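This briefing sets out selected features of the structure shown below, grouped by topic for reference.

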Amino acid sequence: MGQAEQGSRIGKEYYDNSMYFEGGTDHLTDMGSRFQLYRVRMVTRLAQPRSTDRVADFGCGWGTFEFAMASRVKHILGIDFSSKSIELCNARLAEHPEPNIDFMCADAGDTGLDEGSFDLILAADLYEHVYPEDSARITAEAFRLLAPGGRFAAWTPHRGHILEILKNNSILLKPDPTHVDYKSMARMKELLTGAGFEIPRAYYAESHLPGFNLLERVLQPVLPVMRRRVALLGVKP
């Protein structure tokens with residue numbers, strides 16, 4: 001991804017005009033990478049998709065969850081505000097047709113879709129990419145789109161993890177300019193309950209790094225720097 005100018009807002013134009021979806025990020029673009037396989041495994045464990053589920057994926061990116069979950073759900077719709085994302089996803093769908101996958105270019109905070117038309121909504125690695133004023137809109141839209149009893153699976157990095165601390169201080173690792181607003185566990189709970197969700201599950205998850213993830217699992221209850229991901233499942237009453 002190209003660097004944004006200091007102080008500029010990172011939005012749709014940035015994703016459409018940069019190389020974010022196409023170059024320099026093999027762990028993201030390779031659907032068979034350890035990182036992407038980890039994302040699919042952990043988010044699937046959180047969301048627990050069902051064969052009858054109508055699913056929407058907010059911030060679908062490369063279509064990772066669409067192709068991973070297609071055989072497990074009734075229908076899955078990938079939504080992203082980047083036209084480049086949707087172009088890449090549709091190209092992949094043309095090469096690997098799946099009758100129950102669709103993609104749509106739209107704002108996750110204002111999709112225009114029918115109320116109550118989904119049973120499960122995913123927001124995996126989305127909240128860190130959106131500004132504070134957009135977070136509540138997105139959460140409220142997820143609530144609106146879900147049928148009663150519908151689930152909302154949210155998954156986002158924990159800023160207090162050691163790797164995020166190093167990145168955000170440019171120590172050994174480079175900061176990600178697209179991570180414009182990290183949310184804490186407390187803030188994520190506030191967003192979900194504020195939109196009307198009940199939260200039956202909320203926990204920290206370990207990373208995909210072999211060996212290190214075992215250490216994280218043991219130490220995260222007492223050491224915040226070992227808490228890699230914030231995971232929450234919201235349910236619409």
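In helix H3, the buried residues are Phe-35, Gln-36, Tyr-38, Arg-39, Val-40, Met-42, Val-43, Thr-44, Leu-46 and Ala-47. They make H3 a mostly covered helix, with 10 of its 14 residues buried. The model is a predicted one, and the points below cover this helix, the sheet, the salt bridges and some loop residues.

**Helix H3 and the residue that follows**

- At 1.5 Å a residue, a span of 20 Å is expected for the 14 residues of H3, and the end C-alpha atoms are indeed 20 Å apart, which agrees.
- Directly after H3, Gln-48 adopts a positive phi of about 50 degrees, although Gln-48 is not a glycine.
- Gln-48 belongs to the loop between helix H3 (34–47) and strand E1 (54–58).
- With a relative accessible area of 52%, Gln-48 is classed as exposed, because the cut-off for that class is over 50%.

**The sheet**

- Seen in order, the strands run E3-E2-E1-E4-E5-E7-E6, forming an open sheet of 7 strands with mixed pairing.
- The edges are taken by strand E3 (101–105) and strand E6 (198–205); each has a single partner strand, so one side of each lacks a neighbour in the sheet.
- From one strand to the next, the twist averages 15 degrees.
- Within the sheet, strand E5 (residues 146–157) and strand E7 (residues 229–235) run antiparallel and are joined by 7 bridges.
- In this pairing, Pro-157 lies opposite Arg-229 of E7.
- In general, the strands of a sheet pair through backbone hydrogen bonds, in either a parallel or an antiparallel manner.

**Asp-125 and its partner in H3**

- Asp-125 is located in the loop between strand E4 (118–124) and helix H6 (132–145).
- Asp-125 also has a positive phi, near 60 degrees, in a residue other than glycine.
- The relative accessible area of Asp-125 is 14%, so this residue counts as buried, the limit being under 20%.
- A salt bridge connects Asp-125 with Arg-39, and the closest N and O atoms are 2.7 Å apart.
- This pair links distant parts of the chain, since Asp-125 is in the loop between E4 and H6 while Arg-39 is in helix H3, 86 residues apart.
- Both partners, Asp-125 and Arg-39, are buried.

**Other salt bridges**

- The structure holds 15 salt bridges in total.
- One of them is formed by the side chains of Arg-9 and Asp-134, at 3.1 Å from N to O.
- The Arg-9 and Asp-134 pair links distant parts of the chain, with Arg-9 in the segment before H1 and Asp-134 in helix H6, 125 residues apart.
- Asp-134 has 16% relative accessibility and therefore counts as buried.
- Another salt bridge brings together the side chains of Arg-217 and Glu-206, again given from N to O, at 3.1 Å.
- Arg-217 is part of helix H9 (residues 212–219) and Glu-206 of the loop between E6 and H9, so this pair ties together parts that are 11 residues apart in sequence.
- The two partners fall into separate burial classes: Arg-217 is partly exposed, with a relative accessible area of 44%, whereas Glu-206 is buried, with a relative accessible area of 10%.
- Salt bridges that share partners join Arg-9, Asp-107, Glu-133, Asp-134 and Arg-137 into one network.

**Phe-21 and its contact along the chain**

- Phe-21 sits in the loop between helix H1 (12–17) and helix H2 (26–29).
- A relative accessible area of 6% places Phe-21 among the buried residues.
- The C-alpha atoms of Phe-21 and Trp-62 are separated by 7.2 Å, although these residues are 41 residues apart along the chain.

**A nonpolar patch on the surface**

- Ile-171, Leu-172 and Leu-173 make a nonpolar surface patch of about 320 Å².
- Leu-173 is placed in the loop between helix H7 (162–168) and helix H8 (185–195).
- At 35% relative accessibility, Leu-173 counts as partly exposed.

Notes:
Residues numbered from 1 in each chain as written. Predicted model: local features only at pLDDT ≥ 70, side-chain atom pairs only at ≥ 80, totals over all residues. Heavy atoms only, no water. Helix = DSSP H or I, 4+ residues; strand = E, 2+ residues; numbered from the N terminus. Buried < 20%, exposed > 50% of the residue type's maximum accessible area, 1.4 Å probe, protein only. Expected span 1.5 Å × (residues − 1). Patch = residues over 30% accessible without salt bridge, like charges linked within 9 Å, V, L, I, M, F, W, Y side chains within 5 Å. Areas by Shrake-Rupley, 256 points an atom, 1.4 Å probe, with all protein chains shown as cover. Salt bridge = Lys/Arg side-chain N within 4 Å of Asp/Glu carboxyl O. Pairing = 2+ DSSP bridges. Axes fitted to C-alpha atoms, helices over the stretch in contact; angles between N-to-C directions.
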